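Welcome, and please open your viewer. We will go from stop to stop, choosing something to select each time and looking at what is there.

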Amino acid sequence: MLIFERSEEGRRNSAQRVISGGQQGQDERPLTGIPETMKRATAARLPELSELQTVRHYTRLSQKNFSIDTHFYPLGSCTMKYNPRGANTLAMQTGFLNRHPAGDAALGQGVMACLYDLQEILREVTGMEATSLTPAAGAQGEFAGVAMIRAYHDARGDSERSEILVPDAAHGTNPASAVMCGYKVREIPTDKSGDVDVDALRSIVGPQTAGIMLTNPSTLGVFERRIEEIAEIMHQAGGLLYYDGANLNAILGKTRPGDMGFDVIHINVHKTFSTPHGGGGPGAGPVVANKRLAPYLPIPMVGKSAEDGCEYYWVEEQERPESIGRLSAWSGNIGVLLRAYVYAKMLGSVGMERVADYSVLNASYLMRRLEQAGFTLAIPGRRATHEFIVTLKKESKDLGISAMDFAKRLLDYGHHAPTTYFPLLVPECLLIEPTETEDRETMDAFVEAMVTILREAKESPEKVKGAPWTLPVRRLDDVRAARELDLNWYNR
C-alpha cells in the first residue's frame with residue numbers, strides 16, 4: 001500500500017512538535033523565520049498521517065526490501081558483502097562530521113592524517129607509486145585512469161594512439177570510459193579457458209594502441225594466467241595497462257597489480273574496503289599509478305610536510321602541473337574514504353590476506369557444490385577466484401526455463417539473485433559471488449534453493465516461470481517500467 005492510500009484529511013503529524021510560545025493551539029508562532037512573501041499560498045499535496053502511522057509505514061516498507069543485512073546477496077563482480085558497523089561508527093565521529101571542506105588545512109589535520117595513511121595503504125597493497133583519492137565513484141576512477149593514459153601519450157606527442165583494447169568479458173563501463181576520453185574501442189576475444197586470447201592480442205596491437213583495460217581476476221571468475229606476457233606485449237608496443245579494481249578482494253594481500261605489470265588502477269573502496277555497495281551509492285574510486293603515470297593523477301592529494309606548522313597539506317596544481325585536474329568539488333567522498341581507512345586498519349596485512357583466502361574459498365566451495373548438484377559450469381576445469389559462472393543454456397533449451405526465471409524464483413526462497421546475463425558472451429549465465437563474509441550454512445541453503453528450483457523446472461515449470469509468488473509485487477515488465485515510468489500518484 002502506498003502512503004497516500006493511508007492518508008486522511010485533517011490528520012496531523014504534530015504530537016511531538018515543538019511549539020514556540022504558549023500551549024498547543026495558543027499563540028503558535030513559526031520557527032523557521034521564512035518571510036511571508038516566500039511561503040506557499042496553498043498547502044503542499046502531501047499525505048496526512050500521524051507520526052506513528054508514518055513510522056510504521058516506512059518500517060514495514062523497509063522490511064520488504066532485500067538487503068545485505070537481511071538476505072544472501074551473491075551478485076557477481078559487485079561484492080555485496082557484510083561490512084562491519086565499527087567502520088561506519090568511527091567514520092561518523094563528531095570531529096569528522098563537523099569539519100567543513102573549505103576549512104583551512106591546519107584545522108583538518110586529523111582527517112588529512114587518515115587520508116594520507118589511506119593513500120599509503122592503497123599504494124602498498126597495489127604495488128604502485130602514488131595515490132589520488134578524489135574520484136567519487138568506480139566509474140569516475142575508470143575515467144581518471146584512461147584520462148591519465150591519454151595525458152601520458154599526449155605529453156610525449158604520441159598522437160597516433162587512438163585505440164583502447166577491451167576484452168569481450170569486460171565490465172560495460174570500461175568501453176564507456178574509453179570513449180569518453182576520445183578513444184576508439186577494440187574488442188579482444190577470450191579463449192575457451194577464459195584467458196585473453198594472446199595470439200589475437202599480438203595481431204591487433206600496434207602504434208595505434210594506447211592501452212588495454214583488464215581486471216584480474218576477470219569477470220569470468222578466473223585469474224589471467226598470462227598477464228605478465230600481456231604486459232610485455234603492451235609495453236613493447238608502447239601501450240599501457242589499466243586495471244579495473246572491481247575484483248580486488250580476490251587477490252588482496254596475495255599479489256599486486258603493480259607486480260603484474262599494470263600502470264594504473266582504480267579501486268572500488270565501496271566494494272573492497274567497507275562501505276555498503278548497491279542502490280547507486282555512495283561510492284569512491286581512488287586511482288593508484290606507477291612512476292610512469294603518477295604525475296598525471298587527479299588533484300588534490302594529501303602531502304606530508306613539517307613546513308608552516310602543518311604536517312599534512314593539500315597537493316594542488318602548482319606541485320603537479322601535469323595532473324589531469326579535479327574530478328570533484330573538494331577532495332573526494334571523504335565519508336566513504338574514512339570508512340575504507342578504518343576497515344583497512346582493522347584488517348591489517350594479515351586480515352587483508354584473510355579476505356582473499358575466504359573470498360576464493362567460499363566461491364570454490366559454492367562452485368563445487370553446484371557442479372555436484374548437476375549445474376553446468378561455464379568454464380569447467382578452472383578454479384574459481386572470488387566468483388564463478390553457471391550457465392543454464394541446457395535448462396533453457398530442454399525445459400524452457402531461463403536464467404531470469406531462476407533469478408526470480410530465488411526471491412521466493414529468501415535469496416537475492418546472482419548477476420544475470422553478464423558477461424554477455426556466456427548464454428543464460430548466472431555470475432555468482434558469495435564474498436568472503438558468508439558462512440557455509442548460508443551457502444548450503446543457497447545450493448538447496450537452486451536444487452529445488454531445478455527440480456521444479458522439470459516437474460512444474462510454470463511455478464518457476466511465474467515467480468516470484470511471495471513478494472508484494474509480481475514479476476514486472478522491466479522494459480515498460482524503464483520506458484514508461486510513472487511516479488505521479490495524483491494522475492491515478
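**Stop one: a buried charge**

Select Glu224: this residue is buried yet has no salt bridge, and the nearest side chain of opposite charge, Arg226, is 6.7 Å away. A salt bridge needs the nitrogen and the oxygen within 4 Å. Keep in mind as you look around that this is a predicted model.

Where along the chain does Glu224 sit? Glu224 is found in the loop between β4 (209-214) and α8 (227-236). Now show its surroundings: Glu224 touches Gly194, Asp195, Val196, Asn216 and Ile230, leaving aside residues up to four places away in sequence. Zoom in on Val196, whose backbone nitrogen lies 3.0 Å from a polar atom of the Glu224 side chain.

Next, select Arg226 together with Glu229. These two form a salt bridge, with their closest N and O atoms 2.9 Å apart. Glu229 is partly exposed at 24% relative accessibility, and Arg226 is partly exposed too, at 34%.

**Stop two: the sheet**

Switch to a cartoon view and colour the strands. Strands of a sheet pair through backbone hydrogen bonds, either parallel or antiparallel. Here you can follow an open sheet of seven strands in the order β1-β7-β6-β5-β4-β2-β3, with mixed pairing. β1 (130-132) and β3 (184-188) stand at the edges with a single partner strand each, so one side of each has no neighbour in the sheet. From one strand to the next, the twist averages 25 degrees.

Pick β4 and β5 (residues 240-244): they run parallel and are joined by four bridges. To see one of the pairs, select Leu214 and its bridge partner in β5, Tyr243.

Now add helix α5 (residues 138-155), which packs on the sheet and touches β2 (163-167), β4, β5, β6 and β7. The direction of α5 makes about 175 degrees with that of β5.

**Stop three: more charged pairs**

Stay on helix α5 and select Asp154 and Arg150, whose side chains meet in a salt bridge (3.8 Å, N to O). They are four residues apart in the helix, or about one helical turn.

Then jump to Glu456 and Arg409, a salt bridge with its closest N and O atoms 2.9 Å apart. Glu456 lies in helix α14 (residues 440-459) and Arg409 in helix α13 (residues 403-412), so the pair ties together parts 47 residues apart in sequence. Buried or exposed, what is Glu456? At 9% relative accessibility, Glu456 counts as buried, and Arg409 is buried at 8%.

For a last selection, try Glu124, Arg256 and Asp259, which are linked in a network of salt bridges.

Terms used:
Residues are numbered from 1 along each chain as its sequence is written. This is a predicted model: local features need pLDDT of at least 70, side-chain atom pairs count only at pLDDT 80 or more; totals for chains, interfaces and linings use all residues. Side-chain values use heavy atoms; hydrogens and water are left out. Helices (H or I, at least four residues) and strands (E, at least two) are DSSP runs, numbered from the N terminus. Buried means under 20% relative accessible area, exposed over 50%, partly exposed in between (1.4 Å probe, protein chains only). Lys and Arg count as positive and Asp and Glu as negative; His and the chain ends are not counted. A polar contact is a pair of N or O atoms within 3.5 Å; within protein, one must be able to donate a hydrogen and the other to accept it, and residues adjacent in sequence count only if both atoms are side-chain atoms. Contact means heavy atoms within 4.5 Å. Two strands pair if DSSP finds at least two bridges between them. Axes are lines fitted to C-alpha atoms, for helices over the stretch in contact, and angles run from 0 to 180 degrees between N-to-C directions.
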